[in-house]
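Here is a short report on one protein model. It covers a helix residue, the open and enclosed spaces, a metal site and some backbone details.

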Amino acid sequence: MLVLGLETSCDETSAAVIDDNKVLSNVISSQMVHLQFGGVVPELASRAHLRKVIPVAEETLEKAGKSLADMDGFAVTYGPGLIGALLVGVNYIKGVAAVLEKPFIGVNHIEGHVYSNFLDDAPVKFPLLCLIVSGGHTQIVVMKDHLNYKLIGKTRDDAVGEAFDKVAKLLGLPYPGGPEVDKLARQGDEKFTRFPIGLSREKTFDFSYSGLKTAVLNFANKLGPAEKDAHLADICASFQKAAVDALVERTIRAARTYQIRQIAVAGGVAANSGLRAAMKAAGADYNIDVFFPAMEYCTDNAAMIARAGLQRLQHGHRSNLLLNAYPSLKLEEERHQE
Ligand code: KG4
Ligand code: ZN
């Protein structure tokens, strides 16, 4: 089954063509216009999507050697995300599907991240414990089967990607901060200082990252500007260790509690080198298989949206022309789907 997927929920305009699990093309156009503002400006994001959506879709079709008419179905992110940005993608796909009289499906962006683990020849099986770590989400989900989600843990305040971005900002690093902190952390000493892990006294699968962010801020202020700059890599390494330790501890404990022997990590923070190494090491200790998406499928991309859409289309799910965009859509929620 050939599916064209489209992702316009935030600041990446992306289109991909997949043939069942196999990715034929995955074009990602990142919007540079936000860099000067140190964060995504929603109105600028919508305008950039509007300019780019057709060229990006055409480029991905050309790379795949296919045309729109070759597609068996279409998939588009319909939430969560920025309302204007989402609407550009949703309306483009509704128009194309209506003109070609082909099925289409609205995909939850978070479900897309989950399905980044099912692209190409990934050997993932059920039951699966999924750790979803992005700029907006930090969740642990049990999946007994495809499209079946039971939320068992979530952040009570900031998402872990948001903590990376905020810590980067307060340390004076460029946006988006996650990859910058990761790069510096590799050169630093994680034992330089010990930052607190949120909710460490509770037997919960929830997370809290706002205290960690504040601890880094206070620590940096106490050091003063010169010392802070001299130890930037060490601060990043110590922060990253605390952030990652919380993710690994909760996820491994959840897998053991629910007797699940497979863990899949998804979302932008799945690209983090510290998390990849620590989760794999912990998995090996407890005889649990740990899966990460290939690096290009960790951050926002349309291949994952196409793959999640394929799963739903194969299960007989369809959207209709009433499909709208939902900025705060939850993983377990479905709207305007048949
Ligand atoms: O999944 P994603 O691309 O967008 C959302 O759905 O939010 O995730 C973006 C988040 C940002 O917070 C970014 O800083 C973080 O993922 N991120 C990283 C790394 N690469 C991206 N965080 C830590 N280490 C990385 N290497
Ligand atoms: Zn995302």
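In which helix is E249 found? The residue sits in helix α8, which covers residues 232-257. Note that this is a predicted model.

**E249 and its surroundings**

E249 has a relative accessibility of 35%. It therefore counts as partly exposed, since that class runs from 20% to 50%. The side chain of E249 makes a polar contact with the side chain of R253, at 2.7 Å. R156 is another matter. E249 and R156 are separated by 93 residues in sequence and by 17 Å in space, C-alpha to C-alpha.

**The largest pocket**

What is the volume of the largest pocket? It is about 1400 Å³. The lining holds 47 residues, and those closest to the pocket centre are D11, G135, D165, Y175 and P176. By class, the lining splits into 18 nonpolar, 20 polar and 9 charged residues.

Several elements give at least two residues each to this lining: β3 (22-30), α3 (109-115), α4 (160-170) and α5 (177-185). The largest share comes from α4, with 6 residues.

Where does the pocket lie with respect to the domains? Domain 1 spans 2-114 + 298-314, and domain 2 spans 124-292. Both contribute lining residues, so the largest pocket lies between them.

**The zinc site**

Which residues donate to the zinc ion (ligand 2)? The protein donors are H109 through NE2, H113 through NE2 and D300 through OD. They lie 2.0 to 2.1 Å from the ion. Along the sequence, the donor spacing reads H-x3-H-x186-D.

The two histidines share an element. H109 and H113 are both in helix α3 and lie 4 residues apart, which is about one turn of the helix. Are they buried or exposed? H109 has a relative accessible area of 7%, so it is buried. H113 is buried as well, because its relative accessible area is 1%. The cut-off for buried is under 20%.

**The enclosed space**

A search of the whole structure turns up 1 cavity of 30 Å³ or more. The largest cavity contains about 50 Å³ of space. It is lined by 10 residues, and Y78, N108, R312, E333 and E334 are the closest to its centre. Strand β5 (residues 104-108) supplies the largest share of that lining, 3 residues. The class count is 3 nonpolar, 3 polar and 4 charged residues.

**A buried threonine**

T8 is placed in the loop between β1 (2-7) and β2 (12-19). Its relative accessibility is 0%, so T8 counts as buried. The T8 side chain reaches the backbone oxygen of A85 at 2.7 Å.

**Backbone details**

Two cis peptide bonds and two positive phi values deserve a check in the viewer. The table gives the angles.

| Residue or bond | Feature | Angle |
|---|---|---|
| G79 to P80 | cis peptide bond | omega about -10 degrees |
| Y175 to P176 | cis peptide bond | omega near -5 degrees |
| D120 | positive phi | phi about 55 degrees |
| L147 | positive phi | phi near 60 degrees |

Where do the prolines of these cis bonds lie? P80 is in the loop between β4 (73-79) and α2 (83-100). P176 is in the loop between α4 and α5. Y175 and P176 also appear among the residues closest to the centre of the largest pocket. The cis bond joining them is thus placed by its residues at that lining.

Neither D120 nor L147 is a glycine, yet each has a positive phi. D120 lies in the loop between α3 and β6 (128-133). With a relative accessible area of 29%, D120 is partly exposed. L147 lies in the loop between β7 (138-143) and β8 (150-154). Its relative accessible area is 15%, so L147 is buried.

Conventions
Residues are numbered from 1 along each chain as its sequence is written. Chains are lettered from A and ligands numbered from 1 in the order in which they are written. This is a predicted model: local features need pLDDT of at least 70, side-chain atom pairs count only at pLDDT 80 or more; totals for chains, interfaces and linings use all residues. Side-chain values use heavy atoms; hydrogens and water are left out. On a 1 Å grid over the protein atoms alone, a cavity is a set of points where a 1.4 Å probe fits but cannot get out, and a pocket is an open set with protein on both sides within 12 Å along at least five of seven lines; lining residues have an atom within 4 Å of a point. Grid points are joined across faces, edges and corners, and a volume is the space filled by probe spheres set on the points. Ala, Val, Leu, Ile, Met, Phe, Trp, Tyr, Cys and Pro count as nonpolar, Asp, Glu, Lys and Arg as charged, and the others, Gly among them, as polar. Domain bounds come from an automatic or database domain assignment. Donors are N, O and S atoms within 2.8 Å of the metal (3.2 Å for Na, K and Ca); water is not among the atoms, so sites may look incomplete. Buried means under 20% relative accessible area, exposed over 50%, partly exposed in between (1.4 Å probe, protein chains only). A polar contact is a pair of N or O atoms within 3.5 Å; within protein, one must be able to donate a hydrogen and the other to accept it, and residues adjacent in sequence count only if both atoms are side-chain atoms.
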